[in-house]
Amino acid sequence: MEDEIKGLVPHVLSFIVSEYCKYGFLLAYEKELSDLKGLIEPDSIAAEDFELLEAVDDEVVQLLLNSIDRVITCSKTFFMINNLDEFEVMDNEAYNQLASDNYYIYIIDWENKDYDDVLVNLNAVYFTIARLLYHTASQLRLQKIELPDEFYDDEFLDKYSDLLDHKVDTDDKNVALLYDLIADLNADLLDIDRLS
């Protein structure tokens, strides 16, 4: 059980990277990369395509890239502190399926019509990613894949502001890593909100 829970974490983080990347492209398609709109689906972008986003001169896109860097750093740290082989973990289909189950509980496709819609929807995107990270941290904390029903009854909302202020203590370094990521990603969202 512990191996499965640790194994799903990097996959969840990988899904989050893809989600931020997708929204970066949705924004870029409305402005600088408008000639690519309709040619490449934003949710089919591979990691190699980040270079394209790095060339986009849009502050919100750059903040999304900053969020991506935070998630990648978290993932690398997770692999290191748990002494996990990245290729072995990322190649494990069972871990990927468990992470996918988590991902699809929270992540939904928001309807985006133009740049402003995407920008407004980023608040919901960051919030649902925070919920996904909290869910994953709770699996680590409780050492359970299936969380009890009461977990879904506002536990996250009750702790959300404390998480953002780094006031939720834990002795588990993996849980702390995800809690810190929730707060760090919120800092990027606040910067995005200041721009809109």
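**Exercise 1. Count the disulfides in this predicted model.**

Start with the cut-off: two cysteine sulfurs must lie within 2.5 Å of each other. Now take Cys21: the nearest cysteine sulfur belongs to Cys74 and sits 18 Å away. Check it from the other end too: for Cys74, the nearest cysteine sulfur is that of Cys21, at 18 Å. Neither Cys21 nor Cys74 is in a disulfide, and the count is zero.

**Exercise 2. Are Cys21 and Cys74 buried or exposed?**

Buried means under 20% relative accessible area. Cys21 comes in at 2%, so it's buried. Cys74 has 5%, so that one is buried as well.

**Exercise 3. Work out how helix 3 and helix 8 run relative to each other.**

First, find the helices: helix 3 spans residues 59-81 and helix 8 spans residues 173-195. Their axes come within 10 Å and cross at roughly 175 degrees. Anything over 145 degrees counts as roughly antiparallel, so that's what this pair is.

Next, look at who meets whom. Helix 3 brings residues including Leu63, Val71 and Cys74, while helix 8 brings Leu181, Leu185 and Ile192, among others. Sorted by class, the contact has 12 nonpolar, four polar and six charged residues.

**Exercise 4. Which residues have the most contacts inside the largest nonpolar core?**

This core holds 63 residues, and the best-connected ones are Leu13, Ile16, Tyr20 and Leu133. Helix 1 supplies the largest share, 16 residues. Then zoom in on Tyr20: beyond its neighbours within four places in sequence, its contacts include Leu64, Val71, Tyr126 and Leu185.

Note on methods
Residues numbered from 1 in each chain as written. Predicted model: local features only at pLDDT ≥ 70, side-chain atom pairs only at ≥ 80, totals over all residues. Heavy atoms only, no water. Buried < 20%, exposed > 50% of the residue type's maximum accessible area, 1.4 Å probe, protein only. Axes fitted to C-alpha atoms, helices over the stretch in contact; angles between N-to-C directions. Helix = DSSP H or I, 4+ residues; strand = E, 2+ residues; numbered from the N terminus. Parallel < 35°, antiparallel > 145°, perpendicular 65-115°, else oblique. Contact = heavy atoms within 4.5 Å. Nonpolar A, V, L, I, M, F, W, Y, C, P; charged D, E, K, R; others polar. Core = buried A, V, L, I, M, F, W, Y, C linked by side-chain atoms within 4.5 Å.
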